[in-house]
Amino acid sequence: MTVLQTNIDWAVLERAALDVQTRAHAPYSAYQVGAAVLTASGRIFTGCNVENASYGLSICAERSAIVQMVAAGERAPIALTVVTPGTSKLGPGVESPAIGAPCGMCRQTLAEFAEDLPIRMSVADQEGLSRMTSLAALLPEAFRAKSS
């Protein structure tokens with residue numbers, strides 16, 4: 001059985017991501033993101049994006065959730081949900097996608113802990129506007145440490 005075939009309560013994960021999304025610190029983009037990671041032990045870890053005036057110091061919601069997972073001693077994520085605000089203006093002539101996907105750094109961070117996992121991407125306050133994908137689809141041929 002692949003991880004994509006496991007029984008995951010996406011509604012519970014989405015509620016957790018929606019809850020933490022409201023606590024995001026996004027004064028520069030106004031693009032609040034929430035994420036929830038389910039681990040093999042059944043625990044859920046959440047994270048939100050935290051922006052910084054020095055953009056390189058910002059952290060995305062997905063990586064924030066992974067940091068919480070690792071800090072709690074867990075290392076086996078089996079599912080991820082990401083909630084974004086939907087299409088929004090990010091600046092002059094720049095618009096976000098309707099359904100936001102994890103960025104490249106988040107994809108690589110997830111690949112540090114999982115070969116593959118299902119990812120549900122949803123839009124806050126727009127029930128039914130979601131899309132399923134997987135880490136393998138978003139990051140084929142991920143860079144990984146050589147296993148011994």
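Which residue takes a positive phi in the hairpin of β6 and β7? I looked there first and found Asp125, with a phi near 60°. The hairpin has six residues between its strands. I note for the record that the model is predicted.

**Entry 1: overall layout**

I listed the secondary structure and got four helices and seven strands. Along the sequence the order reads α-β-β-α-β-β-β-α-β-β-α. The protein has 148 residues, and I find 42% of them buried. I then took the contacts with a separation of 6 or more and asked how many span 24 or more positions; the share is 59%. The exposed surface of the protein comes to about 8,100 Å², with 54% of it supplied by carbon and sulfur atoms.

**Entry 2: strand β6**

I went back to β6, which covers residues 118–123. Five of its six residues are buried, so I describe the strand as largely enclosed by the rest of the structure. I checked its partners next. With β3, strand β6 pairs in the parallel sense, over five bridges. In that pairing I find Val83 opposite Ser122 of β6. With β7 (residues 130–134), strand β6 runs antiparallel, and five bridges join the two. Here Met121 stands opposite Arg131 of β7.

I kept one general point beside these pairings: in a regular strand, side chains alternate between the two faces of the sheet.

**Entry 3: salt bridges**

How many salt bridges does the structure hold? I count four, and I wrote up three of them, in this entry and the next.

Arg120 forms one with Glu14, and I read 3.2 Å between the closest N and O atoms. This pair links distant parts of the chain, with Arg120 in strand β6 and Glu14 in helix α1 (residues 10–21), 106 residues apart. I looked up the accessibility of Glu14 as well: it is 17%, so the residue counts as buried, given that buried means under 20% relative accessible area.

Arg23 forms a salt bridge with Asp19, where the closest N and O atoms are 3.3 Å apart. Asp19 has a relative accessible area of 43%, so I class it as partly exposed.

**Entry 4: Glu74**

Is Glu74 buried or exposed? At 13% relative accessibility I enter it as buried. I placed Glu74 in the loop between α2 (61–71) and β3 (77–84). Its side chain meets that of Arg43 in a salt bridge, 3.7 Å from N to O. I note that this pair, too, links distant parts of the chain: Arg43 sits in the loop between β1 and β2, and 31 residues separate it from Glu74. Arg43 itself comes out as partly exposed, because its relative accessibility is 41%.

I also found a polar contact of 3.3 Å between the side chains of Glu74 and Thr39. Setting aside neighbours within four places in sequence, I list Thr39, Ser41, Arg43, Phe45 and Met69 as the residues in contact with Glu74.

**Entry 5: helix α2**

Which residues of α2 are buried? I get Ala61, Glu62, Arg63, Ser64, Ala65, Ile66 and Met69. I then checked what these buried residues pack against, and the elements are β1 (34–39), β2 (44–48), β3 and α3 (104–113). Just after α2, I noted Gly73 with a positive phi of about 90°.

**Entry 6: nonpolar cores**

I looked up the largest nonpolar core and found 22 residues in it. The members that touch the most others are Val37, Leu80, Leu110, Leu117, Ile119 and Leu135. I traced the core back to its elements: β1, α2, β3, α3, β6 and α4 (135–138) each supply at least two residues. The largest share comes from α2, with four residues.

I took Leu110 as a single member to follow. Leaving out its neighbours within four places in sequence, I find Leu110 in contact with Ile66, Leu80, Ile119 and Leu135. Apart from this core I found another, of 10 residues, including Ile8, Ala36, Ala79 and Ala124.

Notes
Residues numbered from 1 in each chain as written. Predicted model: local features only at pLDDT ≥ 70, side-chain atom pairs only at ≥ 80, totals over all residues. Heavy atoms only, no water. Buried < 20%, exposed > 50% of the residue type's maximum accessible area, 1.4 Å probe, protein only. Contact = heavy atoms within 4.5 Å. Areas by Shrake-Rupley, 256 points an atom, 1.4 Å probe, with all protein chains shown as cover. Polar contact = N/O pair within 3.5 Å; in protein donor to acceptor, adjacent residues only side chain to side chain. Pairing = 2+ DSSP bridges. Core = buried A, V, L, I, M, F, W, Y, C linked by side-chain atoms within 4.5 Å.
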